[in-house]
Amino acid sequence: MSALAEKPAAQAQSAAGLSATLRHARYVVRENPVTALSFGLFVLFLVSAVFGPWLVPHDPLASNTSAALQAPSARYWFGTDQLGRDIFSRVVVATRLDMWIATASVALVFVMGGLAGVAAGYYGGWIDRVVGRVSDTIMAFPLFVLAMGIVAALGNTVTNIIIATAIVNFPLYARLARSEANIRRDAGFVHAARLSGNSEPRILFTQVLPNVMPLMMVQMSLTMGYAILNAAGLSFIGLGVRPPMPEWGIMVAEGAAFIVSGEWWIALFPGLTLMLAVFCFNLLGDGLRDIVDPQRRT
Amino acid sequence: MSTDLAPPLLEITDLTVEFATRRGIVRAVQNVNISVGRGETLGIVGESGSGKSVTSFAAMRILDRAGRIAGGSVVYSGIDVAAAPESEMQDLRGREMSMIFQNPRAALNPIRRVGQQIEDVLIRHVQATRATAKEKAIAMLERVRIARPQERYDAYPFELSGGMCQRIVIALALACKPRLLIADEPTTGLDVTTQKAVMELMVELTRESAMSTILITHDLGLAATYCDRVVVMQKGAVVEEAPARQIFSAPAHPYTRKLMRATPRPGAGLRDLLPEDAPQEGAPQSPAAQARAGEPLLQVENLVKEYPRPSAASFAAKLLGRKGEDKPAFRAVDGISFEVRRGETLGLVGESGCGKSTTSMILMRLLDPTSGRVTFGGQDITAIPARDFAAHPLRHKIQMVFQDPTDSLNPRFTAARAIADPILRAGRMGARDEVRARCEELARLVGFPADLLDRLPHQLSGGQKARVGIARALALDPDLVVLDEPTAALDVSVQAVVLNLLEDLKQRLGMSYLFVSHDLHVVRLLCDRVAVMRGGRIIETGSAEEVLERPREAYTRELIDAIPRPPA
């Protein structure tokens, strides 16, 4: 019953909050064209991830040996690889897989790291110590080597790449959430919620967590780029995604062998796209930080 | 006056400052004219948002990036501040004009020894060489009356009290013997006795070297006590300018009169703080409340809260598993006893660190005491651990209004949601219409406009946020409300309204208040009885009149004497 009563208030609040946020977003984009550029790039990546297979001019998997290793031309915009597959089509179609790995791993670590961190920051004590030591242990390894190890141990699948990427990012999320929750632990509104008769877990979820979310969203955007790079890196060294599936990392790995013989385009274009994707998410994170940063809300 | 003979040191003419915000350009200061003569102390008084700080920031050209001087001129002894190159300004700041900020701890570098920070300024402005800097820094510490300056030279800001930090900031500001000192709320957040010491030191040092001072404050009493001339600002414009004595004896502008009226002072009652045209009638006392008045509601017996002191053992000794000799635990609350009767307001007074906040946290059952007993309505509430108290029926009967209205509201909850929170948790009402109706009723009770109920805290003013906090505390008809400096973060005119509201509500609903504060004037207005705390103990109790007019303890007298008193 009480949940029913909370709903309209929550809706009204989110509606008011949303329109204010939108107004502020417009202001930030106008003030900072680079953020607008990154939003544009993001939309472009989103479109190719969703509609890629229907938009591309060639079948990304169909080999055509008569057209192998052709330089970029009007017919093959990014050229063709050693099996005559169209690199442009493969780059576009690969967006979906790379985005899926990045999104899923970031979502996973957001839930795991966010919850662990908020609980550690709010309760302190042994939860804090356990979360802190687990984070330290993960941070003690070179992160990419750790990810390699996890994928090698768990098995060579896309799911395991997602899990490995999530694990190596865990400390970033846990520590951020911990510090944000920790400074709010003794805030006046948390005491007030206790006086209203809220139980501790309830305060954690309804009072503290929503206030930690904005910064976590920024962190998500910033780690998206890293997650894409990590997935591509794992594929590059032959872990995770297997040929002939189009994926940026593998494509760079395959093309690397041909650079010496002058076929630069095979590695260049997927690499460039990868760079652009990481670039886009990092800028997006900067823009988001400006949007949620109350200092900028004059 | 000297200003008639010599050109003023700082002349601000027709100054307009604009800030670029997402809602367009906002004029923070408009056509302001201020001049400061050599050796003169000028007070700029105004409430928050009056543009008093922005004016002084413009004078030093340290506006933040969104702000700019849009019109008028600032001339400092012949130099046009608005047009001067940045390198020249950097040279001026610190050497010619310097500033003291509101929060001394934030103004000091936390990881540098205070002596070194003074040296930095001296060396930057070529007032000392590396060889002589230390000696000069220690001399500076001596001038601001820091005891044992040789030792304090090596102290970090966190090792010093708030008052000491402010002395260091003053030492920093005066190190290069500037000719103009701007003090922006230098004593806000300090205890009254510390405030007195800091202000007197500042005045003495500036007089000694014939320095000009601008004192920016919201406290008319403070400005009138320590300044030669006072400028009153409202909404970015100067509304009145007069010698300090005159502004008190014959305030000309209605806004100045309103400010003066709202300032708690000896001889003024609670109703006297409101503007003359406000309705004067108090709320009728409910008969039920009257019948029960006088019965004891809350009894505190021998309450003690101890905190373990950090071990004295050195880091190396700890590594080897050796323990230092155990120091006795720190007693934040040291065996206090008092009672609050029904329908009564008890004031708990003391300076920061005296244990009054710890006491109120224990009474609110947010903290467990080390020993002692708290009986509420005949039931021992210390028997219920703090962590289980949230689910206890007595939870609703003891509520609190917090010190900072902004900090005590969840920034993501609307006003209605904040007020409804205790109602929803108590589960007394089911239907959403019923909860909403109760919220509206409470809003009416505290004078909060019902059409603002769906706003978020950052869309409300300070006074409105305070009302939301009060409505939330009243939502479950509590018997005892702890008021923890409920008006410390509010402007005086808003404070006057909120204090009257609290008194009306008490009359109407028959609650008891425990009023925790360091401001004796405010305590006198609201409280029936007063308990003075020092070092975790209650040193004096009695009726408000008795304690404030005829204090028995020297410490109480010291507290009363430290309140700035404008020249009569």
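This report describes charged side chains and one strand arrangement in a predicted model.

**Salt bridges**

Side chains of opposite charge can pair when their charged atoms come close. Across all chains, a search of the whole structure finds 38 salt bridges, and the table lists some of them, including one from chain A and two from chain B.

| Salt bridge | Closest N and O atoms |
|---|---|
| A:Arg184 with A:Glu180 | 2.9 Å |
| B:Glu440 with B:Arg436 | 3.2 Å |
| B:Glu96 with B:Arg95 | 3.9 Å |

In chain A, the partners A:Arg184 and A:Glu180 both belong to helix H6, which covers residues 158–184, and they stand four residues apart, about one turn of the helix. Both A:Arg184 and A:Glu180 are buried.

In chain B, the salt bridge between B:Glu440 and B:Arg436 lies within helix H17 (residues 432–446), where the two residues are separated by about one helical turn because they are four residues apart. B:Glu440 counts as partly exposed because its relative accessibility is 30%, and B:Arg436, with a relative accessible area of 29%, is partly exposed. Elsewhere, salt bridges that share partners join B:Asp91, B:Arg95, B:Glu96, B:Arg124 and B:Arg179 into one network.

Two members of that network, B:Glu96 and B:Arg95, form a salt bridge with each other. The relative accessible area of B:Glu96 is 14%, under the 20% cut-off, and therefore B:Glu96 is buried. B:Arg95, by contrast, has a relative accessibility of 26%, and so it counts as partly exposed.

**A positive surface patch**

Residues from chains A and B contribute to a positive surface patch, which is formed by A:Arg23, A:Arg26, A:Arg30 and B:Arg23. Of these, A:Arg26 is placed in helix H1 of chain A, a helix of residues 2–31. With 53% relative accessibility, which is over the 50% cut-off, A:Arg26 therefore counts as exposed.

**An open sheet in chain B**

Chain B also contains an open sheet of four strands, whose order is E12-E11-E14-E15 and whose pairing is antiparallel. Its edge strands are E12 (330–341) and E15 (379–380) of chain B, each of which pairs on one side only. Strand E11 of chain B, spanning residues 296–307, pairs with E12(B) in the antiparallel sense over nine bridges. At the level of single residues, the bridge partner of B:Glu306 in E12(B) is B:Arg331.

How values were computed: Residues numbered from 1 in each chain as written. Chains lettered and ligands numbered in written order. Predicted model: local features only at pLDDT ≥ 70, side-chain atom pairs only at ≥ 80, totals over all residues. Heavy atoms only, no water. Patch = residues over 30% accessible without salt bridge, like charges linked within 9 Å, V, L, I, M, F, W, Y side chains within 5 Å. Areas by Shrake-Rupley, 256 points an atom, 1.4 Å probe, with all protein chains shown as cover. Salt bridge = Lys/Arg side-chain N within 4 Å of Asp/Glu carboxyl O. Lys, Arg positive; Asp, Glu negative; His and termini not counted. Charge placed at Lys NZ, Arg CZ, Asp CG, Glu CD. Buried < 20%, exposed > 50% of the residue type's maximum accessible area, 1.4 Å probe, protein only. Pairing = 2+ DSSP bridges.
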